[in-house]
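Got the viewer open? Let's take a walk through this one, a stop at a time.

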Amino acid sequence: MTLLERDREAPSAWKGSLPVTSRYTYGLAGERFFRALKDEGKILASYCPKCDHTYVPAVNFCERCLSELTEWQDAGLVGVLHTYTLLFVDFEGQPLDEPELIGFISFGDGGIIHKLDANPDELEIGMPMKAVLKPQKERSGSILDIRCFQPVNK
Amino acid sequence: MGMRKVAVIGAGMTKFVRRALETPKELSWEAAKMALDSCELTMDDVDGVCFGTAPDAFDGVHMNGEYCSDGAGAWNKPFMRCFVGGGTGVFVPIQGWYHVASGLFDVVLVVAEEKMSSYYPHAQAAFLTIFDHTTERPLKPNLLWIFALEMNRYMTTYGIRKEDIARVSVQHKRNAANHPCALLGEANITVEDVLNSEVLAWPVQRFDVSPVSDGAVALVLAAEHVAKRLTDKPVWIEGVGWHLDTAYWTNRDLAYPRYVEYAAKMAYDMAGIKEPRKEIHIAEPYDPFDYKALHHLEGLQLAERGKAIELYLSGAAAPDGDLPICPSGGLLGVGNPIAAAGLMKVAELFWQLRSEAGARQVPGQPRRGLAQAWGDLMQVGTVIVMGR
Ligand SMILES: [Zn+2]
């Protein structure tokens, strides 16, 4: 039984689409965050002194008090494995050729969800994980400029 | 606060199916008509209409509320659609409640609908577009990821075994075998069946998840003076609550749903409930995934953190236990047409509290029940407490 299993008895249907294409901007914070990632290979955090709360990826306002966040910091490339999953299907429910590891790497109060390069058996929640960046020339200002995260001791 | 008492006086529900022939507006109409007929009212008696449906992408129609409005009975009426993702099904009766409690209307028709089979090839892909377009979407995330990450964190934090969590799915699917509208009732399903089902995103397996489905549910709400005239079995809305956690998924405590706790506290305060575990007699926590029922029971203060599984292991959660959980069969058993699934839980409380739940009626004439849903970008909690 697969996720995409169809019922032969189902009523007849036809296919149509909603033709929607969007043109997104990075935003005020995104512009700065992704430039730092692309040009300097840094993951930036922003900090709210009033709420003592850190945002990663950095944002330009605090959702708790609506203050503008002007304290931006280098969060470093090493975070902590907060949780992970081993995926067997893609986002449309199609089986993947190779299972894929996805992890949530926490940086202080915030974090980044990304692909992991690791042996699933060696993963332990709480272990330090390091971002592996693409070479500077290949970076385009995308979250995919981070190729993946891998255990620090790998 | 000067609020009027509000009762549920009628309910209707379509079958939950994998792909309905009916259009979304036809599904809405079927449920609305059944709800009106159940309390012998007509549209002439209805002052306003509240409608709930989750992402437009499922039905494949932008502004789906307007598209479905005729089926929901909105012609020539004040009409409002609400949308808080998966939380919608429990938020839409809350919206109906304040329409009546405020004194604005005496009778409100509440309808929730979802037709997930329209999305092709699979509704999971619709969820890709709810994530941040810059920081998350390039990784092509889906909800299975998010749930799998959260389930792993929950299991690891409290040391809960997967074979125990599977008991939740087994209990709910067995309960659903007695629901005439259920898609996935399975009287004989076992823990082994769940553990042997296809792995989608470890630790989530096929039978840990509720199925995408099509369906609609409707309720009729009435002010006290109208309710007392129309029925001798009104079910009162005693408390409502809703609450939002951080917009950033990665800033949340994945092991514990604070947004549910705050929503529940709001509802308990309104209902005058001090000890939920003693004062709530049946509970319909939101269960799109089996671990999620446990997670939510803890947020609802019906179990201590990491301990909700004991309700299932001890038999307390069974239909004949001292706190029946999801006697309807829940999303895992009845099906999960998002907004309709949440409202199905509220309809279940209505039928159970009136002793009209047929083969799945829990013993002991429960006096008070709770339904809860969860959604938006996975950070909203919606709670309703009802009693007779
Ligand atoms: Zn702040």
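**First stop: chain A**

Select chain A and color it by burial: buried residues make up 43% of its 154 residues. Keep in mind throughout that you are looking at a predicted model.

Now switch chain A to cartoon. You should find one helix and eight strands. Follow the chain from the N terminus: the helix comes at the start, and then the strands follow, in the order α-β-β-β-β-β-β-β-β.

Next, turn chain A around and look at its outline. How far does the C-alpha trace span along its principal axes? The answer is about 60 × 40 × 35 Å. A compact globule of 154 residues would have a radius of gyration near 15 Å, yet chain A comes out at 19 Å.

If your viewer can draw contacts, try them within chain A. Among those between residues at least 6 apart in sequence, 52% join residues at least 24 apart.

Put a surface on chain A and you'll have about 9,000 Å² exposed, with carbon and sulfur atoms supplying 48% of it. Then pick out the charged side chains: chain A has 17 positive and 23 negative ones, and the centres of the two sets lie 8 Å apart.

**Second stop: chain B**

Hide chain A for a moment and show chain B as cartoon. Here the count is 14 helices and 11 strands. The C-alpha trace of chain B spans about 55 × 45 × 40 Å along its principal axes.

What radius of gyration would a compact globule with 388 residues have? It would be near 21 Å, and chain B has 19 Å, so the two agree.

Color chain B by burial too: 65% of its 388 residues count as buried. For contacts in chain B with a separation of 6 or more, residues 24 or more positions apart account for 76%.

The surface of chain B exposes about 13,000 Å², 51% of it from carbon and sulfur atoms. As for charge, look for 37 positive and 46 negative side chains in chain B, with the centres of the two sets 2 Å apart.

**Last stop: where the chains meet**

Bring chain A back and select the residues in contact across the two chains. You should pick up 43 residues from chain B and 48 residues from chain A. Between them, the chains bury about 4,200 Å², and 65% of that is on carbon and sulfur atoms.

To finish, show Arg19(B), Leu139(B) and Thr250(B) as sticks. In chain B these lose the most area to chain A, together 14% of what that side buries.

Key:
Residues numbered from 1 in each chain as written. Chains lettered and ligands numbered in written order. Predicted model: local features only at pLDDT ≥ 70, side-chain atom pairs only at ≥ 80, totals over all residues. Heavy atoms only, no water. Helix = DSSP H or I, 4+ residues; strand = E, 2+ residues; numbered from the N terminus. Rg over C-alpha atoms; globule rule 2.2 N^0.38 Å. Buried < 20%, exposed > 50% of the residue type's maximum accessible area, 1.4 Å probe, protein only. Contact = heavy atoms within 4.5 Å. Areas by Shrake-Rupley, 256 points an atom, 1.4 Å probe, with all protein chains shown as cover. Lys, Arg positive; Asp, Glu negative; His and termini not counted. Charge placed at Lys NZ, Arg CZ, Asp CG, Glu CD. Buried area = accessible area lost by both parts, 1.4 Å probe.
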